[in-house]
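Got your viewer open? Load the chain, switch to cartoon, and follow along with the selections below.

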Amino acid sequence: MTEEAKTTVEAKTPHVAKSAEVAKSSGPQIASGVSVVGPGGGESIVLGSTRMRVLEDGSHTGHRLAIVESVLAPHTQGPPQHRHARHDEGFYILSGTVRFTVGSEEYDASAGTLVMVPPGTQHTFANPSDEPAVMLSTFTPDLYVQYFRDLQEMLADGRPLTPEANVEAMSRYATEPATPDLA
């Protein structure tokens, strides 16, 4: 950071400048900027009755992490059970209840619950309740955010989101259905 830029940052946001200096001294940095996404900010993705807000698409984290907020409408079915070969997926429930199915086991996760799914683990989720559910999802690395963009593009182009189209899109991001009848 140039001295002029450092002075400008310190004058406008002394707490951010101090944090940036601490981070700078503690190891290599991929980017010198801080990413802040306020309420209502971020990229919007709508997939049927599910609204998503991409808070971090990996562009500020060296593609190590992506974060998406999802609002699942009441009685929303999630994707078919699937497994990711190359990324972990985390779900933190902010409000409502989300049902996670892992193989044949079902878990109802209420607000304040964190569900972590390692690579290779079959899973899906749904909102079977009468109330909306909101969750934050993490993807490490960020590989899967583009999958949601691809699905939105299919819908915008008027193409139906068939199970076959969904599976084809998943395959581009190291993901496969958990059941052979969808593969």
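Here is a tour that goes from the whole chain to a sheet, then to the cores, a helix pair and one loop residue.

**The whole chain**

Keep in mind that you're looking at a predicted model. Colour by secondary structure and you should find 4 helices and 12 strands. Of the 183 residues, 33% are buried. Switch on the surface: about 10,300 Å² is accessible, and carbon and sulfur atoms account for 56% of that. As for contacts between residues at least 6 apart in sequence, 64% of them link residues at least 24 apart.

**The open sheet**

Now select β4, β10, β7 and β8, which in that order make an open sheet of 4 strands with antiparallel pairing. Look at the edges: β4 (76–77) and β8 (105–110) each have a single partner strand, so one side of each has no neighbour in the sheet.

Zoom in on β10 (residues 124–127), which runs antiparallel to β7 (residues 97–102) and is joined to that strand by 3 bridges. Show side chains here and pick F100, which sits opposite F125 in β10. Then pick T101, whose bridge partner in β10 is T124. Moving over to β4, you'll find 2 bridges to β10, again antiparallel, with T76 opposite N127.

Which way do the β10 side chains point? T124 and A126 go one way, F125 and N127 go the other, and all are buried. That fits a general pattern: in a regular strand, side chains alternate between the two faces of the sheet.

**Two nonpolar cores**

Next, show F139, Y144, Y147 and F148 as spheres. These have the most contacts inside the largest nonpolar core, a set of 19 residues. Add β1 (43–47), β2 (50–56), β3 (66–72), α3 and α4 to the selection, since each supplies at least two residues of this core. The largest share, 5 residues, comes from α3. Another core, of 11 residues, lies apart from that one; A109, V117, F125 and M135 are among its members. You've already met F125, on β10 opposite F100.

**The α3–α4 pair**

Hide everything but α3 (145–156) and α4 (163–171). Their axes are 9 Å apart and the packing angle is about 145°, with a right-handed crossing. For the contact itself, select Y147, L151 and M154 on α3 together with A165, N166, A169 and M170 on α4.

Which residues of α4 are buried? Pick A165, N166, V167, A169 and M170. Bring the neighbours back to see what covers them: the cover includes β5 (82–84) and β12 (175–177), along with α3.

Stay on Y147 for a moment. Leaving out residues up to four places away in sequence, Y147 touches N166, A169, M170 and Y173.

**Last stop: Y173**

Follow that last contact to Y173, in the loop between α4 and β12. Is this loop residue buried or exposed? Y173 counts as buried, because its relative accessibility is 11%, and the cut-off for buried is under 20%.

Show what surrounds Y173: H87, L143, Y144, Q146, Y147 and D150 are its contacts, with residues up to four places away in sequence left out. Finish with a distance label between the C-alpha atoms of Y173 and H87: it should read 9.4 Å, for two residues 86 apart along the chain.

Terms used:
Residues are numbered from 1 along each chain as its sequence is written. This is a predicted model: local features need pLDDT of at least 70, side-chain atom pairs count only at pLDDT 80 or more; totals for chains, interfaces and linings use all residues. Side-chain values use heavy atoms; hydrogens and water are left out. Two strands pair if DSSP finds at least two bridges between them. Buried means under 20% relative accessible area, exposed over 50%, partly exposed in between (1.4 Å probe, protein chains only). Contact means heavy atoms within 4.5 Å. Accessible areas come from the Shrake-Rupley method with a 1.4 Å probe; for residues, only the protein chains shown count as cover. A nonpolar core is a set of buried Ala, Val, Leu, Ile, Met, Phe, Trp, Tyr and Cys residues joined through side-chain atoms within 4.5 Å. Axes are lines fitted to C-alpha atoms, for helices over the stretch in contact, and angles run from 0 to 180 degrees between N-to-C directions. A crossing is left-handed if the near helix is turned anticlockwise from the far one by less than a right angle, and right-handed if clockwise.
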